[in-house]
Every structure is written in structure tokens, then in C-alpha cells.
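Dear colleague,

I am handing over the structure below, together with an account of what was found in it. Please read the account with the coordinates open beside you.

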Amino acid sequence: MAVQHWADTLRKAKKTALISDGKRKVHYLFEDGSEMAEEYDLKTDELVLRKLRQKSTFGGQGQWTLEVGETNPNGVTSDLIKESSSNPMFMRRDTKTSFQWRIRNISYPVEVYSVSAEPTERCCVVRTSNKKYYKKFSIPDLDRCQLPLESTALSFTHANNTLIISYKKPKEIITLEQELLGELKKLKGTSEGDIDCKTQ
């Protein structure tokens, strides 16, 4: 079963933990050389950030791909360029029971939005009836565990110029995340000033 395969992959990975800024930061090094970095809030145990990196074609370090969290909280990409604060901003922020995406700076009335699951394409689609916004996105957690995309698990709401899309996590994912969090809490996390670069 794919859920068990992903769980085994996570268990076999070399893990390094660091506790800093009120977060448990965990780095995974997988057997194939790919990496994953996660950050959990120490108070709520919620996942705040997840990014992955594959080896490049020539064996070097590839670029990090953000899966959960905000790319650049301030929208600053360099000293000279700043993203417009009025553009729609798409980000994923999960809760314990659902995968959740937020599209900020999108002010249309709630009846304008349509959110659907496309099981054949394994993605979700956000549309507006006024044709001003369109977004396709996948749920990598479901893909890794080869779980079906259920349209009944999808819901959305709109408040404060933000569209909030929720997908109820399948029980297999919730169980996997609880087991993983239990293992991560057992890892000896070093404090920021006490960094040891050895991977367990």
C-alpha cells in the first residue's frame, strides 16, 4: 500500500532536528538523495512549512520547492523588487484535520467562486464566473500516498478578501501524521546556539 510505503520512506530517512523561534525544524535526507525540510509550531504541533528538493540531473543540489507555507511573507524578492501587495497571493496552510489553501487579495462576492475536484487530472480548480481568476493545484500528500481525490471532501469560504479552500484529510493521512509527529518529538532537537550538523 502506498501510504505504508511513504511512511517507511519517512522512517528510513536520516533526520536532523533543531528547535528555534518557537518551531521544531526537521530536515530529512532520503535514500535517493532528495531532501525535505519541515517546520512545526511548538505550541500547536501544526505544520507551518514544508519544502522539498530533488537532486539535479547532474547530481548537484536542485532548487527547493515549497509545498506548505508562505513563499515570502513580505513579498520581497530582492532589495529592489517587491511583489505588488494587491495581487492575489496563493499559499497552503494546513490544519490538523484538513489541507487548506488561502488566496489573499481576492475580493469578489462568494457566489462568484467555483471550487471543484478533478479526479482524472488529480487536481483542484478554482474559477470565478467573471473569468478574473483561475487556478489549478494538486494535493501532493494524496499523490504520494496514492489516495483518491474526493470532491465531497472539498469546501470553501470567503472572508476579509481571502478565499479559504479546505480539503478534509483522509483518515490514513491523519494517522500517518500523528505517528510521524510522535516520532519527531522523540528526536533530540538541538537549540539554535547548540547546532550539531550530524544527521541521525
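What follows goes from the chain as a whole to a sheet, a nonpolar core and two loop residues.

Please keep in mind throughout that this is a predicted model. The chain holds three helices and 13 strands, and of its 200 residues 39% count as buried. Its accessible surface comes to about 12,100 Å², and carbon and sulfur atoms contribute 49% of that area. If one takes the contacts in the chain with a separation of 6 or more, 46% of them are between residues 24 or more positions apart.

Turning to the strands, there is an open sheet of three, in the order β8-β9-β10, whose pairing is antiparallel. The edge strands are β8, which covers residues 113-118, and β10, which covers 134-137, and each of these pairs on one side only. Averaged over this sheet, and with direction ignored, neighbouring strands are turned by 15° against each other. Strand β9 (residues 123-128) runs antiparallel to β8, and six bridges join the two; in β9, Cys123 is the residue that stands opposite Glu118.

The largest nonpolar core has 41 residues, and the members that touch the most other members are Tyr28, Val126, Ile139, Ile165 and Tyr167. Helix α3, which spans residues 171-186, supplies the largest share of this core, namely five residues. As general background, nonpolar side chains tend to be buried together in soluble globular proteins. For Tyr28 the contacts are listed without residues up to four places away in sequence, and they include Leu10, Ala13, Met36, Tyr40, Leu180 and Leu184. The list for Tyr28 also has Lys14, Lys15, Ser34, Glu35 and Glu38 in it.

Two loop residues remain, both picked out by their backbone angles. Asn105 has a positive phi of about 60° although it is not a glycine, and its place is in the loop between β7 (98-104) and β8. Lys131, also a residue other than glycine, has a positive phi near 60°, and is placed in the loop between β9 and β10. How exposed is each of these side by side in the model? Asn105 is partly exposed, with a relative accessible area of 31%, whereas Lys131, at 73%, is exposed, because the cut-off for that word is over 50%.

With best regards

Conventions: Residues are numbered from 1 along each chain as its sequence is written. This is a predicted model: local features need pLDDT of at least 70, side-chain atom pairs count only at pLDDT 80 or more; totals for chains, interfaces and linings use all residues. Side-chain values use heavy atoms; hydrogens and water are left out. Helices (H or I, at least four residues) and strands (E, at least two) are DSSP runs, numbered from the N terminus. Buried means under 20% relative accessible area, exposed over 50%, partly exposed in between (1.4 Å probe, protein chains only). Contact means heavy atoms within 4.5 Å. Accessible areas come from the Shrake-Rupley method with a 1.4 Å probe; for residues, only the protein chains shown count as cover. Two strands pair if DSSP finds at least two bridges between them. Axes are lines fitted to C-alpha atoms, for helices over the stretch in contact, and angles run from 0 to 180 degrees between N-to-C directions. A nonpolar core is a set of buried Ala, Val, Leu, Ile, Met, Phe, Trp, Tyr and Cys residues joined through side-chain atoms within 4.5 Å.
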